[in-house]
Amino acid sequence: MSNIAVLAGDGIGPEVMVEAKKVLAAVADKFQFTLKTQDYDVGGAAIDIHGNALPDVTMKGCQAADAILFGSVGGPKWANLPPTEQPERCALLGLRGHFDLFCNMRPATLQPALSSLSTLRSDISAQGFDVLVIRELTGDIYFGEPKGRKGEGDEETGFDSMFYSRREIKRIAHLAFQAAQKRNNKVTSVDKANVLATSQLWRQVVEEVAVEYPNVTFEHLYVDNAAMQLVRDPNQFDVMLCPNLFGDILSDICAMITGSMGLLPSASLNSDGFGMYEPAGGSAPDIAGQGIANPIAQILSAALMLRYSLNQDNAAKAIEEAVGSALDNGILTADLLPAEQRSNAKTTSEVGDYICAQINTANI
Ligand code: NAD
Ligand code: IPM
Ligand code: MN
């Protein structure tokens with residue numbers, strides 16, 4: 001039996017998590033395995049209840065679990081707290097740092113048949129694409145010290161430190177090349193080596209690692225060009241290897257060109273194979289509480305959890321197929337529809353129900 005710590009969090013987090021739990025129950029039933037889920041408070045919701053975005057009881061629950069399924073944290077209510085108390089810094093970065101979840105994988109795919117979902121021009125989206133963003137998740141300017149503010153008046157400064165060590169770059173680069181070997185054998189490493197010392201080291205170390213994978217096509221791109229190339233022709237990419245900050249930004253582009261921020265799942269893994277699984281998007285305060293959020297990124301994150309942490313690849317595939325069939329059959333939340341068709345949008349729970357029904361009736 002597997003134990004899952006479920007941290008739904010804030011905004012749309014709890015709404016989409018209900019659907020992910022329904023889908024997990026459906027595959028557990030279909031594939032005859034036992035999953036125990038335990039809910040824990042996190043983020044702004046935990047601040048309101050416990051006075052802390054990452055309470056001890058939540059951390060202990062995560063430590064005892066086989067995997068963490070995370071929703072999203074943050075929102076205007078908690079945005080003006082001191083930085084270290086904010087939900088994003090304290091809870092999300094706290095968990096990533098604590099478990100050393102340095103490898104964040106964000107798979108963005110657009111089937112040619114679903115090209116109309118994309119915001120790209122139709123001749124570009126018609127090609128489809130399958131991009132895996134591998135984002136380093138525990139280094140870079142997110143975690144570098146010193147970080148803070150000092151001085152007063154017009155002389156006040158805010159500062160963050162961008163750091164990477166050889167060790168950090170090497171371990172993520174190896175995973176990117178190994179992932180490419182199982183896919184389309186191409187790695188694009190993203191940096192800003194024309195300006196940043198961290199990027200110069202990044203480029204040098206990635207090149208050294210690349211020599212060990214002679215059959216993988218390898219290129220460097222500056223991050224500004226990479227952003228442009230993603231919207232010009234995403235089909236040219238296979239694995240995009242990114243430092244933390246650039247991967248954050250590029251993965252939002254990847255999400256939108258597949259159709260919506262609400263479609264992109266992610267897996268964050270450490271070197272022991274322990275993982276936290278979460279949508280790439282956030283708590284979406286603008287649509288929270290209305291039952292209209294897209295649950296697919298959360299549901300596909302649960303599928304990644306089944307694949308990477310629980311060794312249930314068939315169940316993961318069944319979820320991915322059921323999601324594909326929802327998209328194919330126009331079972332779409334409002335974010336995936338043009339304005340004039342939004343009156344036909346499905347609700348969060350209608351999409352979740354459809355996916356569960358597809359799983360229940362699938363031939364396995
Ligand atoms: P966001 O990703 O929450 O929202 C950006 C836009 O995408 C919004 O218009 C939102 O409605 C839409 N969107 C996102 N997910 C969607 C979904 N599932 N279905 C339909 N539409 C969806 O980004 P933001 O507005 O910049 O941030 C809001 C809060 O979320 C902030 O506090 C931010 O720090 C936090 N955040 C948290 C996480 C996380 O917990 N993993 C990730 C990103 C942002
Ligand atoms: C993400 C989010 C987080 C990040 C924020 C909320 C700290 O944007 O997971 O993409 O920047 O990593
Ligand atoms: Mn982000």
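## A tour of the predicted model

Begin by selecting Asn104: its bridge partner is Arg135, which lies in strand 5. Keep in mind that this is a predicted model.

**Stop 1: strands 4 and 5**

Widen the selection to strand 4 (103-110) and strand 5 (residues 129-136). The two run antiparallel and are joined by 8 bridges. Look for a second pair along them: Ala108 has Val131 of strand 5 as its bridge partner.

Are these strands covered or open? Strand 4 is mostly covered, with 7 of its 8 residues buried. Strand 5 is also mostly covered, and 7 of its 8 residues are buried.

Now add strand 11 (residues 267-269), which pairs with strand 4 over 3 bridges in the antiparallel sense. Click Cys103: Leu269 in strand 11 stands opposite.

Then add strand 10 (239-242). Strand 5 and strand 10 run parallel, joined by 4 bridges. Here Val133 stands opposite Met240 of strand 10.

**Stop 2: the whole sheet**

Zoom out. What order do the strands take across the sheet? There are 10 strands, in the order 2-1-3-12-11-4-5-10-8-9. The sheet is open, and its pairing is mixed. At the edges are strand 2 (35-39) and strand 9, each pairing on one side only. On average, neighbouring strands are turned by 25° against each other, direction ignored.

Go to the strand 2 edge. Strand 1 (residues 2-9) runs parallel to strand 2, and 5 bridges join them. Select Ala5 to find its bridge partner in strand 2, Gln38.

**Stop 3: helices 7 and 8**

Select helix 7 (residues 197-210), which packs on the sheet. Helix 7 touches strand 8, strand 9 and strand 10. The direction of helix 7 makes about 165° with that of strand 8.

Next, pick helix 8. This helix lies across strand 8 and strand 9, and runs at about 110° to strand 9. Which residues of helix 8 (residues 223-232) are buried? Color Val223, Ala226 and Leu230. These three residues cover an arc of only 50° around the axis, so they sit on the same side of helix 8. The spacing has a simple basis: an α-helix has 3.6 residues a turn, so residues three or four places apart point the same way.

Turn to the other side of helix 8, where Asp224 and Asn225 are exposed. Turn back to see what covers the buried residues: strand 8 (186-191), strand 9 (217-222) and helix 9 (244-258) are among the elements that do so.

**Stop 4: the ligands**

Show ligand 1. Around this ligand are 23 residues, of which Gly74, Gly262, Gly281, Gly282 and Asn294 come nearest. Color the shell by class: 10 residues are nonpolar, 9 polar and 4 charged.

Move to ligand 2. Select Glu88, Leu92, Asp248, Ala280 and Gly282, the residues around this ligand. By class, the ligand 2 shell has 2 nonpolar residues, 1 polar and 2 charged. Gly282 is around ligand 2 and is also listed among the nearest residues to ligand 1.

**Stop 5: loops with unusual backbone**

Most residues other than glycine have a negative phi, and most peptide bonds are trans. The next three selections depart from that pattern.

Select Gln32, in the loop between helix 1 (13-31) and strand 2. Gln32 is not a glycine, yet has a positive phi of about 60°. Is Gln32 buried or exposed? Gln32 has 8 other C-beta atoms within 10 Å, so it is exposed.

Jump to Asp140, in the loop between strand 5 and strand 6. Its phi is positive too, near 70°. Asp140 counts as buried because it has 24 C-beta neighbours inside 10 Å.

Stay between strand 5 and strand 6 (148-150), where the loop also holds Pro146. The peptide bond from Glu145 to Pro146 is cis, with omega near 5°.

**Stop 6: Asp100**

Finish at Asp100, in the loop between helix 4 (87-98) and strand 4. Asp100 counts as partly exposed because it has 15 C-beta neighbours inside 10 Å. Which residues does Asp100 contact, leaving aside its neighbours within four places in sequence? Select Thr138 and Asn270.

For a last check, draw a distance from Asp100 to Gln38. Their C-alpha atoms are separated by 22 Å, and the two residues are 62 apart along the chain.

Key:
Residues are numbered from 1 along each chain as its sequence is written. Chains are lettered from A and ligands numbered from 1 in the order in which they are written. This is a predicted model: local features need pLDDT of at least 70, side-chain atom pairs count only at pLDDT 80 or more; totals for chains, interfaces and linings use all residues. A residue is near a molecule or strand if its C-beta atom, placed from the backbone, lies within 6 Å of it. Ala, Val, Leu, Ile, Met, Phe, Trp, Tyr, Cys and Pro count as nonpolar, Asp, Glu, Lys and Arg as charged, and the others, Gly among them, as polar. A residue is buried if 20 or more other C-beta atoms lie within 10 Å of its own, exposed if 12 or fewer, and partly exposed in between; C-beta atoms are placed from the backbone. The arc is that of the directions from the helix axis to the C-beta atoms. Two residues are in contact if their C-beta atoms, placed from the backbone, lie within 7 Å. Two strands pair if DSSP finds at least two bridges between them. Axes are lines fitted to C-alpha atoms, for helices over the stretch in contact, and angles run from 0 to 180 degrees between N-to-C directions.
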